[in-house]
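Q: Could we go through this model together, starting with how the chains meet?
A: Yes, let us bring it up and take one topic at a time.

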Amino acid sequence: MSFFKGTNTITPWINVVTDQNANNNYFSPVGTDVAQAVNTAIALANASDKGAVIFIPPGRYYVNSAFDAIQANFVRIVGAGSGLTTLVCNGTSNVFTFGYKSTGENMVMLGIQGLRIECNTKTAGYVFRARGVDYVTLSDIYVDSPFDGILTEGPCYNILLRDVTLQTVRGNYGWWIKGYGRDELISPYTSSAHAQIIKFYNVTIEGQNTASTPTSRLLCAEGANYSLYADTIRLIGGGTGLTLRSNAEGTSTSYGEFFHCVNMFIANSYVMGANISAHNDVELTNITVANCATGPGMHFNTRSNNIRIVNGSVYDNFNEGIIFQGNTMTMSSVDVFNNSRRGLNSNSGILITTGANGFTMVGSSSGNTSSRSVVENQQYGINFAAGARVIAVGCRFVGNATRGVNGTLTANAGNLFS
Amino acid sequence: MSFLKGLTGEKILPWIDVKADHGAIGDNVADDTSAISAAISAANSLAQQNARGAIVFIPPGNYKITGALTTITQNGVKIIGTGGCFPGGGSGFYCSGSADVFTANGFFGGATTVIKDIVISGIRIDASGKNKAGTIVTTNAVNGFILDNFYVVNYGNGMLNTLTSNMLLREVDFQWAQALNGFAWKMQGTGNSINGYEDKVENVEAYNVNVTTRYFKGDLPGGANDNTIDIVSCLGAVNNIYLDTVTFLKGRHGLVLDHYDGSTGPVPRNIVAKNSDFEYNYGKGINARAVNSLQFDNIYSHGSGFERGMDFGPKANNIKITASSCHDHWLQGIVFEGNGMTLTATDVYWNSQNNSSGVYASTNTHSGIYVTGKDFTMLGGTSGINPQRPSNSFKHAYGIDNAGSGRVQAIGVRLNGNYLGATNGTVTSLGNITT
């Protein structure tokens with residue numbers, strides 16, 4: 001493939017095997033470290049003002065020490081495909097780093113594609129982290145047993161993930177989308193430390209479904225994160241599947257706006273399926289949240305505002321299906337059923353706490369389906385505090401242990417209660 | 001010229017390298033227009049001979065293009081670069097001159113057959129040198145067109161599609177349109193017969209497509225407003241348009257749906273969008289003067305410069321919007337003058353941001369939803385209340401104002417927090433909160 005290699009007038013193509021003598025250990029159980037060969041390629045790429053392609057041919061490569069950060073524009077790391085090029089990454093360092101340039105300059109148009117990364121014995125570090133970047137693409141990437149998966153922290157803009165799987169995350173984060181304070185500048189960067197315009201298609205993040213990692217978060221967007229677009233997402237196991245929360249470290253408490261999501265499946269979380277502690281305008285269409293092992297399916301806390309869910313199923317969660325404490329939530333065609341799996345008939349399908357303001361359900365249900373034989377039973381379909389101002393129209397609250405509704409609906413039309 | 005070969009070495013398609021075969025330089029100094037045109041001409045000839053197609057390969061480089069490239073006229077011609085929008089530098093074109101850049105046209109030179117299987121992929125175009133002139137991509141008489149990994153900045157007009165069907169756009173950016181009175185992306189058809197084909201655009205899928213102008217609200221040099229470029233227009237016989245994660249920003253209107261001539265003939269039909277933003281437009285986020293069947297999920301109409309958020313005109317029929325939001329607009333959030341609209345689980349808030357003199361102020365004169373058409377239903381959602389930021393003083397006049405004689409239903413809707421009242425006119429209400 002050396003025909004892509006050129007003078008400084010075209011994009012250099014650097015083959016880490018033929019150009020840098022990286023050791024392809026395809027048949028070897030333990031190989032020599034390729035970090036130095038790849039770092040030489042990264043140094044060439046960083047020195048290019050025309051970008052570079054670092055190609056890793058099919059094979060199996062051992063990475064025992066850290067890769068240097070990519071700190072130039074238009075650099076991409078290209079494997080032959082997630083079934084063909086494998087990096088075996090051990091140790092404690094982050095594998096790929098984009099940005100973090102001391103000048104505060106944002107790097108543009110970077111990418112990684114076509115890699116399988118094995119991290120079975122890794123005990124710390126991210127597979128990929130980026131900061132101070134604009135236009136980054138990760139595609140066709142399969143990671144086996146990462147410790148932590150991906151960190152994209154502000155300022156970072158225009159991040160695209162397509163066909164990415166993180167299998168058995170063992171650390172605290174599958175993918176941490178980390179914005180800081182609203183309009184906050186963090187030295188040396190001169191652009192706001194937001195995480196903004198993040199698109200992801202066909203992304204699977206799986207954690208461990210045990211009590212050993214209750215703090216792990218599979219997908220976590222925090223602080224000033226704006227305009228996230230998600231399509232076909234699976235979050236399986238782990239402590240919490242989806243987290244949307246305020247920043248913990250910025251000078252002000254900021255949180256995100258606009259999470260658009262279609263086709264999301266969250267299951268087998270240990271602590272909570274979705275923990276929306278702070279976010280404005282969350283849109284979820286065609287979602288399933290099921291089988292949380294020790295807690296509720298979805299918890300919308302006091303700073304979750306303007307939540308919209310259309311076509312959803314929330315079922316088989318240990319405590320409540322949905323807890324709502326925020327401002328303004330509408331669900332349409334959402335079924336909440338067979339929750340309260342702790343066997344005490346003591347949790348409701350939907351719990352709306354004191355301080356919540358404005359919960360609406362239309363054409364939805366909270367009850368237990370007659371087609372399934374379960375001992376556990378939701379206490380109430382919906383249970384809410386006075387002042388919550390709940391609307392229910394065209395809903396079914398049937399098959400609950402105590403009764404359909406506990407509380408006085410502010411607006412009530414066309415419902416079935418038993 | 002070499003061949004793309006199969007596993008056993010069989011020749012699959014001609015492979016024409018613009019550098020190796022036609023002497024393109026790619027240093028942004030030498031003019032490569034004629035070399036790349038010659039490569040496309042060769043591809044046309046070979047594709048015509050083999051009846052299957054040919055690949056024009058653009059290796060990495062920065063190509064200086066000063067005029068029109070040869071029109072693609074044959075089935076299966078594919079122009080392949082090594083990187084456009086995502087990721088990497090790859091194959092860049094630096095364009096100047098007033099001509100159009102890429103054109104695919106089955107009817108070129110008097111031909112009468114639609115061409116198939118055309119691809120343009122992996123190219124980055126800086127059109128700053130074109131001084132706002134020309135169109136970057138033009139298709140006519142094409143069935144099966146893929147535009148992929150394609151990134152354009154500082155263009156005059158972006159893309160024009162006529163008589164084009166089965167078009168796929170993926171990872172395409174048209175950033176920063178600059179021509180006054182131009183367009184960013186326009187699809188149009190009269191519905192008339194041309195060479196035995198119906199003049200229409202049909203079956204379009206767009207994934208991760210971003211289209212913008214550079215300017216918004218006084219950003220133009222000298223503080224002027226560029227209020228003339230519509231971002232995406234579907235005019236006339238334009239059917240089955242699927243938009244997935246698109247952002248149409250900073251134009252006059254974000255999305256325009258109308259007759260070809262503005263008044264008669266076919267109207268766009270079956271327009272579908274999800275996870276998409278129509279934001280910061282000078283005019284309306286969505287300006288649907290005429291459309292049959294529109295289905296939008298998870299869309300965001302925000303911050304129109306001086307207009308309504310979404311406007312559905314008298315010939316907008318069967319509109320369905322779910323799990324969406326419409327806020328921070330200058331006038332009304334949603335205006336509906338058409339026939340049949342259902343709005344489900346959608347929040348409309350903080351609109352009416354000007355007073356009658358056109359000054360940014362909270363005088364609460366415009367309603368969240370203003371209906372003069374027939375048969376409008378709102379199911380769940382809100383128009384008015386937003387406790388998210390209680391200090392925000394923008395209030396609608398009414399949550400829903402039925403100013404016409406049509407039937408308006410509000411079921412399970414939160415209509416509190418409006419300035420003059422929850423509703424005005426005749427609104428059939430069931431299970432709403434109004435105070």
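Q: Which residue does K274(B) form a salt bridge with?
A: K274(B) pairs with D231(A), and the closest N and O atoms are 3.3 Å apart; a salt bridge here is a side-chain nitrogen of Lys or Arg within 4 Å of a carboxyl oxygen of Asp or Glu. This is a predicted model, in which local features need pLDDT of at least 70 and side-chain atom pairs count only at pLDDT 80 or more, while totals for chains, interfaces and linings use all residues. Residues are numbered from 1 along each chain as its sequence is written, chains are lettered from A and ligands numbered from 1 in the order in which they are written, and side-chain values use heavy atoms, with hydrogens and water left out.

Q: How many salt bridges are there across the interface of chain A and chain B?
A: The rule finds three across that interface, and the count over all chains comes to 25.

Q: Is D231(A) buried or exposed?
A: D231(A) is buried, with a relative accessible area of 6%, whereas K274(B), at 21%, counts as partly exposed; buried means under 20% relative accessible area, exposed over 50%, and partly exposed in between, with a 1.4 Å probe and protein chains only.

Q: Which other side chain meets K274(B) in a salt bridge?
A: The side chain of D244(B) does, at 3.7 Å from N to O. D244(B) lies in strand β17 and K274(B) in strand β19 of chain B, so the pair ties together parts that are 30 residues apart in sequence; strands (E, at least two residues) are DSSP runs, as are helices (H or I, at least four), and they are numbered from the N terminus. D244(B) is itself buried, at 7% relative accessibility.

Q: And how many residues are in contact between chain A and chain B?
A: 53 residues of chain A are in contact with 61 residues of chain B, contact meaning heavy atoms within 4.5 Å.

Q: What area is buried between them?
A: About 4300 Å² is buried between chain A and chain B, with carbon and sulfur atoms giving 55% of it; buried area is the accessible area (1.4 Å probe) that two parts lose on being put together, summed over both.

Q: Changing topic, how many helices and strands are in chain A?
A: Chain A has one helix and 26 strands. Its C-alpha atoms fill a box of roughly 75 × 45 × 30 Å along the principal axes, and buried residues make up 64% of the 418 residues.
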